[in-house]
Amino acid sequence: MKKIILILLAVVPLFVFSQKRKLSSFKKSEVKSIIHTSSDSVKLEIEKFQEDLNKEYLDKKETPLRGDNYTNFKQHPFFPVDLKYRVTADFVKNENPKPFELPTSSGKSKSYQEFGKAHFTIDGKSYTLSIYQSLDLMKMEKYKDHLFLPFRDETNQKETYGGGKYMDLKIPKGNTIVLDFNQSYQPFCAYNAYDYNCPIVPEENKLPVEIRAGVMYNDIYHH
């Protein structure tokens with residue numbers, strides 16, 4: 001996607017525990033309240049992502065849409081927010097990344113390196129996705145901590161774009177990383193294949209499961 005959408009990966013805790021008070025001493029009602037508040041904060045974060053994405057596509061300076069596609073655009077269709085698709089993955093950094101050329105929709109290529117792999121479970125089944133870093137963006141101060149996660153899943157060509165979806169991430173500080181598929185989006189090429197050049201999802205990042213989260217897609221843009 002031409003414009004990098006900055007995604008908040010961590011929810012700031014709304015409760016600070018004193019040194020002496022342990023979670024085990026909380027009443028059940030208090031624990032439920034904390035979990036509920038955290039869930040609400042995450043949902044607000046996802047709603048903010050949706051609002052920002054709609055604003056981007058309605059902005060003449062930012063939108064990939066042209067002509068009638070822009071005139072007729074009101075808002076994106078989204079899957080219902082589902083927090084089972086917000087997962088904390090085990091992150092294994094690639095200690096010896098090697099540059100490679102990632103093919104794009106135009107037949108050209110862009111330079112990336114594999115920054116690491118995310119291992120996670122959904123509905124009790126384990127999956128792995130490779131996370132990449134743009135060699136061009138890492139040279140820019142503004143985007144030096146930016147990571148790129150392109151993926152495909154079983155909703156492609158049915159409810160989402162056939163070429164897959166993207167997710168923007170930031171370099172994690174530890175050995176875990178939050179993947180919120182509710183904040184995944186279609187590349188600009190899904191809406192305008194003439195003006196944009198988008199990385200093709202590597203075969204290793206094809207998930208054999210439906211990820212019913214994030215932006216849905218109506219293929220009305222290529223007719």
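In the predicted model, strand 5, which spans residues 146-151, is largely enclosed by the rest of the structure, because six of its six residues are buried. The side chains of this strand point in two directions: His-146, Phe-148 and Pro-150 face one way, while Leu-147, Leu-149 and Phe-151 face the other, and all are buried. Strand 5 runs antiparallel to strand 6 (residues 165-170), and six bridges join the two. Within this pairing, Leu-149 has Met-167 of strand 6 as its bridge partner.

These strands belong to a chain whose secondary structure consists of two helices and seven strands. The order along the sequence is α-α-β-β-β-β-β-β-β. The chain has 223 residues, of which 43% count as buried. Among contacts with a separation of 6 or more, 66% are between residues 24 or more positions apart. The exposed area of the chain is about 13100 Å², and 52% of that area is supplied by carbon and sulfur atoms.

Aromatic side chains form 16 pairs in the model. One of these pairs joins Phe-120 and Tyr-127 in a tilted arrangement, with 5.9 Å from centre to centre and 40 degrees between the planes. Both Phe-120 and Tyr-127 are buried. Phe-120 also pairs with Phe-181, again in a tilted arrangement, at 5.9 Å centre to centre and with 50 degrees between the planes. This second pair links distant parts of the chain, as Phe-120 lies in strand 3 (residues 109-122) and Phe-181 in the segment after strand 7 (176-180), with their positions 61 residues apart in the numbering. Phe-120 has a relative accessibility of 5% and therefore counts as buried, the cut-off being under 20%. For Phe-181 the relative accessible area is 0%, so this residue is buried as well. A further feature is one aromatic cluster formed by Tyr-57, Phe-73, Tyr-161, Phe-188, Tyr-191, Tyr-196, Tyr-217 and Tyr-221.

Positive phi values occur at two residues described here, Asp-123 and Gln-157. Asp-123, although not a glycine, has a phi of about 55 degrees. Its position is in the loop between strand 3 and strand 4 (125-134). With a relative accessible area of 61%, Asp-123 is exposed, because the cut-off for that class is over 50%. Gln-157, likewise a residue other than glycine, has a phi near 70 degrees. Gln-157 is placed in the loop between strand 5 and strand 6, the two strands that run antiparallel and are joined by six bridges. The relative accessibility of Gln-157 is 67%, and the residue therefore counts as exposed.

The structure contains one disulfide. This disulfide is formed by Cys-189 and Cys-198, whose sulfur atoms are 2.1 Å apart. The torsion about the S-S bond of Cys-189 and Cys-198 is about 100 degrees, so the disulfide is right-handed. Cys-189 and Cys-198 are both buried.

Notes:
Residues are numbered from 1 along each chain as its sequence is written. This is a predicted model: local features need pLDDT of at least 70, side-chain atom pairs count only at pLDDT 80 or more; totals for chains, interfaces and linings use all residues. Side-chain values use heavy atoms; hydrogens and water are left out. Helices (H or I, at least four residues) and strands (E, at least two) are DSSP runs, numbered from the N terminus. Buried means under 20% relative accessible area, exposed over 50%, partly exposed in between (1.4 Å probe, protein chains only). Contact means heavy atoms within 4.5 Å. Accessible areas come from the Shrake-Rupley method with a 1.4 Å probe; for residues, only the protein chains shown count as cover. Two strands pair if DSSP finds at least two bridges between them. Rings of Phe, Tyr and Trp (its six-membered ring) pair if their centres lie within 6.5 Å; planes under 30 degrees apart count as stacked, over 60 as edge-to-face and the rest as tilted. A disulfide is a pair of cysteine sulfur atoms within 2.5 Å.
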